[in-house]
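This report describes the strands and helices of one model, beginning with a single strand and its neighbours. The sequence and structure come before the text.

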Amino acid sequence: MKDLYVIMPSRDIFQILNNMILSFTKFSPSYKIIKASEELDDYRNKKLLFVLNIGKTGFDIKMLDFFNKLVEKDMNSFLNSVGSVLVYSETEYGTKRSAQDIIFLANSMGCAFIGHPVIEATKDMRNFLTWKKTLDMPLEDICYELCARLGKRFMEYNYKKVIDPKITVLYSSPHKFSNTLNLWRMVSNNLSDYNINEIQIENGKILDCKGCSYKLCQHYAKKNTCFYGGFMIENVLPAIEKSDCVVWLCPNYNDSISANLTATINRLTVLYHKQSFHNMSMFGVVVSGNSGSDSVAKQLIGALNINKGFRLPPYSILSETANDPGAVLKIKNIHIKAQSFIDNFINEFESKR
């Protein structure tokens, strides 16, 4: 995958967004701009840059139409491809959400995403203000510099299958009440050859992030600890630090990740200051009582892939709708769906056992 394909269906490209593309492509020996789904016969096994111009409404309608046409042709259109995203908004809103939407859709069609795959530019570029603390340049130049860095890292990226991976599974709900854990058991029972460490985050064991200053958080990170200490420092962080993959089991609570797992994600910051998560993969299992599994999946993608920098393998989220206890086990073809997730997992990692 040497060539880069820039997917840019929108015809109204602002100069800032065009400059972002030029900065990103500095390190690409060649690239092809794709403006319609018909321009390329095969989107598999490619390096793909999705360019979103969400204007004032927060939506890139042309990009959504592009995806809709591809889905009609082949639900696995992006199989074995890897992606990254540039997004520009004429307001202060919508960049994160639109990036999550596109990553979720592309991932469900077989596209992997590198860690920290997105550069977002909002009106007046004020989302880059924190970067001025480390990059002494105008906000617009910071934007282009970060696009160039992402482009270089993206073109150099080449995933190598991990042999005998260490896998950490995090969950909160007790088993006897959880369709999410039942669905995971269908998966994990077929992964007995793998080194899997399951950790339950019980109520009260992990307090949410205090919001320490950057310097104070770094201070604790250097000492392998955190302001609160406790179960997070003694069990969760050491397990994640040694992992090649983290699986998040997330029942849908009011279309959001449960409080215990949200606190866990927030508390990852101390480890984030210590090491990169770029070589660590993330998966999610999400079960909703009624609807909204995609909302939780996109939160996982936003928090862990976009913000914290975990690698997002293709088809990384297994989701289902089940309400009553044990209902997930009675869903038609659920074993086929679980097996597909298992096959994808095995394709990403190889066991020595």
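Ile7 in strand 1 stands opposite Phe50 in strand 3. The model is predicted, with local features requiring pLDDT of at least 70 and side-chain atom pairs counted only at pLDDT 80 or more, while totals for chains, interfaces and linings use all residues. Residues are numbered from 1 along each chain as its sequence is written, and side-chain values use heavy atoms, without hydrogens and water.

Helices (H or I, at least four residues) and strands (E, at least two) are DSSP runs, numbered from the N terminus. Two strands count as paired if DSSP finds at least two bridges between them.

**Strand 1 and its partners**

Strand 1 (residues 4-7) runs parallel to strand 3 (residues 47-55), and four bridges join them. Strand 1 also pairs with strand 2 (residues 31-34) in the parallel sense, over four bridges. There, Ile7 stands opposite Ile34. Between strand 1 and strand 2 the chain passes through helix 1 (residues 15-24), and this β-α-β crossover is right-handed. That term means that, with the strands pointing away from the viewer, the path from the first strand over the helix to the second runs clockwise.

In a regular strand the side chains alternate between the two faces of the sheet. Both faces of strand 1 are covered: Leu4 and Val6 are buried on one side, Tyr5 and Ile7 on the other. Buried means under 20% relative accessible area (1.4 Å probe, protein chains only).

| Strand pair | Sense | Bridges |
|---|---|---|
| Strand 1 and strand 2 | parallel | four bridges |
| Strand 1 and strand 3 | parallel | four bridges |
| Strand 7 and strand 8 | parallel | six bridges |

**The five-strand sheet**

An open sheet of five strands has the order 8-7-9-10-11, with parallel pairing. Strand 8 (195-200) and strand 11 (317-321) are at the edges with a single partner strand each, so one side of each lacks a neighbour in the sheet. On average, neighbouring strands are turned by 15° against each other, direction ignored. Ile167 has Ile196 in strand 8 as its bridge partner.

Helix 11 (residues 334-348) lies across strand 7, strand 9, strand 10 and strand 11, at about 170° to strand 11. Axes are lines fitted to C-alpha atoms, for helices over the stretch in contact, and angles run from 0 to 180 degrees between N-to-C directions.

**Helix 3 and helix 10**

Helix 3 (residues 95-108) and helix 10 (residues 293-307) pack at about 105°, with axes 9 Å apart. They are therefore roughly perpendicular, a term covering 65 to 115 degrees. Contact (heavy atoms within 4.5 Å) involves residues including Ile103 and Phe104 of helix 3 and Ile301 and Ile306 of helix 10.

Key: Parallel < 35°, antiparallel > 145°, perpendicular 65-115°, else oblique. Buried < 20%, exposed > 50% of the residue type's maximum accessible area, 1.4 Å probe, protein only.
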